[in-house]
Amino acid sequence: MILDGKCPKGPIQTSWDRHRFDLKLVNPANKRKYKVLVVGTGLAGGAAAASLGELGYNVEAFCYQDSARRAHSIAAQGGINAAKNYPNDGDSIYRLFYDTIKGGDFRAREADVWRLAQVSNNIIDQCVAQGVPFARDYAGYLDNRSFGGAQVSRTFYARGQTGQQLLLGAYSALSRQVKAGTVKLFARTEMLDLVVVDGEAKGITVRDLITGEIRTHVGDAVVLATGGYVNVFYLSTNAMGCSVTANWRAHKKGAFFANPCYTQIHPTCIPQSGDHQSKLTLMSESLRNDGRCWAPKKKGDNRHPNDIPEEERDYYLERKYPSFGNLAPRDIASRAAKEQCDDGRGVGPGGRGVNLDFSAAIKRVGEHTIRERYGNLFEMYEKITDENAYKQPMRMYPAPHYSMGGLWVDYNCESNVPGLFVLGEANFSVHGANRLGASALMQGLADGYFVIPYTIANYLAKTKPGAVTADHAECKKSVEDVKAYNNRLMNINGKKTVSEFHRELGKIMWENVGMARSEETLKDAIKRIPVLREEFWNNVKVTGKGEELNQQLENAGRVADFLEFGELMAKDALHRNESCGGHFRVEHQMPDGEAKRDDENYCYVGAWEFKGVDKEPELHKEPLTFENVHLAVRSYK
Amino acid sequence: MNLTLHVWRQSGPKAPGKLEQYEAKNVSPDQSFLEMLDEVNEHLIKEGKDPIAFDHDCREGICGMCSQVINGVPHGGRERTTVCQLHMRSFNDGDTIYIEPWRALAFPIQKDLIVDRNGLEKIIQAGGYTSCHTGGVADGNAILVPKIAADYAMDAAECIGCGACVAACPNGSAMLYTSAKVAQLAALPQGQAEAAERVCAMTEAMQEAGFGNCSNHYECQAACPKGINVKFIAKLNREYQKALLK
């Protein structure tokens, strides 16, 4: 099937404005008759639930944490992009649009990205009005810094906790609607199934994580803002509870999964210290404003980094990409770091690390200024490694961080299942094959505050409110199915723990479907994942009962989904016989080692249809056309 | 290193609880405290026993989910550190460690180390926001915010809502938590219009949720993993009195 993204035709500069005019409206008195279910309360979900509540819709919001304020958006450190051009350095909506398309290696839809760039300015205004304490200069104006993949300073920030502050802004707006009675919040509640009635999304089945109760919530539309899937690698920068479960269960009910092979490996994370490790910690890309990446020139150089003289250091990013230097985009910086380590010039335990050195910046602007800019990051680094980065370089290694792929959506953020909308990291739409820094926060809030309030009305206006009730046969069936699935997990009573399976899967994924992929490694993964999955279903041990607070059961369900999803990811990576952005196939590289795209054959979105576990998924394509930018070799030299 | 743990076990909100003893063996100093507990749990599961339930999520000290009283101190007593960021190098071989849930009347225990912190939500819902609608706001630079005010607001806004301040307080007070939000919004021009209403509503909600009042022990500041300063409680009191006079 050829998919249609339903992008507006005509000049891109006015595409969103014209589209908004064409969308149907729901009149104010009718809005309260419609119920919208929003799953996830991060930037996208929190902003969506708050905005829809403000408009007068009847909203139910769900999160697995004990509070809507704890979604993993909170961990984003560096900042949020906007095309304000406050510094007068040449920024514009067009430039942000262009940088994002190019940063994504020409694998995103033009119209979606244009809209993102256009509303980016509204986001900053909105957050300021909410009381987000962005950094200001001494005159009281908003301050900016630079991020990877851009030659302008367009990133707004709140110390090293921008995600936290933006999320708390959305959370406060959401809390206001809870008080107003338009939003009902269900914390510690996990979505385990999508209810589809006559082909349209009309509800979700959830598990109350405190009591273990399985029940269905019905609504007139469902919005998934359930984040990304890189915990498929086991070790990642995501929170422990981040999973593909909501998306995967929706996928099994018919929603197409687009570009699952596009994963972002973030260049600056604290290297792993041992096998006991449960997660990896990211150090903000903003550090590369002042930190210089280097590796020793000599192989196996074990000297303390401070003892290695200047001329024996290879500032490899500055050498390879003189115009962007240390602010090369993430995929490129990650591969460059891996290249140094593979060449035997890595630092730290096992040689899996490179230096991020602040000594030049400290000499230039003083330790005080560096502390003001990144104090909390240096502190976090010291807590984990016991090293003082003001006195010696940080050690960094790439780690899985973000998923550009996600459920397929059209320009309205609506999936191929009518009534199912997908926002933020959970959808695939704007980042192409690589996301630029400070763009995730922008997308989450754009989708939640400024896209879904318009586009959902277009769907709701065409439906009768309250058409499905909780006693519908599909709801009952969904509850029975989820109960049976969980009972199956509880009754295996095998010998291995859920974490052991997750670790094993993570190892397969990291080694075979990680930063460098080849036909051979991918085929190996596709062979081994089903074997591991089979073992899981015969040998996993889940203690306790289903009708109680049971964290093992929660994790078992999530890992079971990763064991199916990982296979799709490998299949997508195998089918995409080109390199682009974060998807690097070793067979396809330029003579200098850069990713080599194949626009003739792969300039499309690959969206997969679920056909059953152990059955071949079906690929649908949405061709990508570029009318406003030239498809070009992506160069940061 | 090898450690002896005494962990609070309680199967449900109404069930009686007690401390149970476990051994943690071959603990690496580079492990985080939660990773140490993960391993204890792996052993328990293999023995067919119920693993220790505890809240955690981001494991990088920002989500505010983790909540354990370690040797009598919320988050374990290392300065500006959450449990998830506490590393085993802070302990010595042979140590005995007591692990309990947040202790406060307003935080009923759900299971083992997991408590219900819904009271904190009620406080924010009462007024911890500016009532701006999505869209229809002024340009971000239309109202200047002096750097001093922005920095002050940010110092307060760093609160992660974990509830350690409540757990540390002899009165089970949520004054530090409440004051952080009140002070953040009171410091910014955007928060001025509703300042009086906000402080009254939030303070009332705090009392209704069963939190006590401040009696200047400052245990909250000592336990706060983000170092939120008690000066914000003074600010809260000042804002409250200003509101009463209105």
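Which feature does UniProt place at residues 36-441 of chain A? The record, an unreviewed entry, gives "domain: FAD-dependent oxidoreductase 2 FAD-binding" for residues 36-441 of chain A; UniProt positions are given in the numbering used here, feature names are shortened, and annotations may be inferred rather than shown by experiment. The model is predicted, so that local features need pLDDT of at least 70 and side-chain atom pairs count only at pLDDT 80 or more, while totals for chains, interfaces and linings use all residues. Residues are numbered from 1 along each chain as its sequence is written, and chains are lettered from A and ligands numbered from 1 in the order in which they are written.

**Chain A**

Over residues 36-441 of chain A, the chain is 29% helix and 19% strand, and the end C-alpha atoms are 23 Å apart. Helices (H or I, at least four residues) and strands (E, at least two) are DSSP runs, numbered from the N terminus.

An open sheet in chain A is formed by three strands in the order β6-β7-β8, with antiparallel pairing; two strands are taken to pair if DSSP finds at least two bridges between them. In general, strands of a sheet pair through backbone hydrogen bonds, either parallel or antiparallel. The edges of the sheet are occupied by β6 (189-197) and β8 (214-218) of chain A, each with a single partner strand, so one side of each is left without a neighbour in the sheet. From one strand to the next the twist averages 30°. Eight bridges link β6(A) to strand β7 (residues 200-208) of chain A in the antiparallel sense, and within this pairing E190(A) has R207(A) in β7(A) as its bridge partner. Helix α13 (residues 473-491) of chain A packs on the sheet and touches β6, β7 and β8 of chain A, its direction making about 140° with that of β6(A). Here axes are lines fitted to C-alpha atoms, for helices over the stretch in contact, and angles run from 0 to 180 degrees between N-to-C directions; residues are in contact if their C-beta atoms, placed from the backbone, lie within 7 Å.

T469(A) is found in the loop between α12 (440-460) and α13 of chain A. T469(A) is exposed, with 10 other C-beta atoms within 10 Å, where a residue counts as buried if 20 or more other C-beta atoms lie within 10 Å of its own, exposed if 12 or fewer, and partly exposed in between, with C-beta atoms placed from the backbone. Although T469(A) and H217(A) are 252 residues apart in sequence, their C-alpha atoms are 8.8 Å apart in space.

**Domains in the two chains**

The domain bounds below come from an automatic or database domain assignment.

| Chain | Domain 1 | Domain 2 |
|---|---|---|
| Chain A | residues 265-400 | residues 479-623 |
| Chain B | residues 3-111 | residues 117-245 |

In chain A the C-alpha centres of domain 1 and domain 2 lie 30 Å apart, and seven residues of domain 1 are in contact with five residues of domain 2. Helix α9 (residues 330-342) of chain A provides the largest share of the domain 1 side, five residues. By class, that side of domain 1 of chain A has two nonpolar, one polar and four charged residues; Ala, Val, Leu, Ile, Met, Phe, Trp, Tyr, Cys and Pro count as nonpolar, Asp, Glu, Lys and Arg as charged, and the others, Gly among them, as polar.

In chain B, the centres of domain 1 and domain 2, taken over C-alpha atoms, are separated by 29 Å, and 18 residues of domain 1 are in contact with 18 residues of domain 2. The side of domain 1 of chain B that touches domain 2 of chain B consists of 10 nonpolar, six polar and two charged residues.

**Chain B and its contact with chain A**

Chain B has eight helices and seven strands, and its C-alpha trace spans about 60 × 35 × 35 Å along its principal axes. Of its 246 residues, 56% count as buried. Strand β1 (residues 3-9) of chain B runs antiparallel to strand β2 (residues 18-24) of chain B, joined by seven bridges, and L3(B) stands opposite A24(B) in β2(B). With strand β5 (residues 96-100) of chain B, β1(B) pairs in the parallel sense over four bridges, and L5(B) has I97(B) in β5(B) as its bridge partner.

Between the chains, 66 residues of chain B are in contact with 65 residues of chain A. On the chain B side, α1(B) gives the most, with six residues, and the residues of this side divide into 23 nonpolar, 23 polar and 20 charged.

Note on methods: Contact = placed C-beta atoms within 7 Å.
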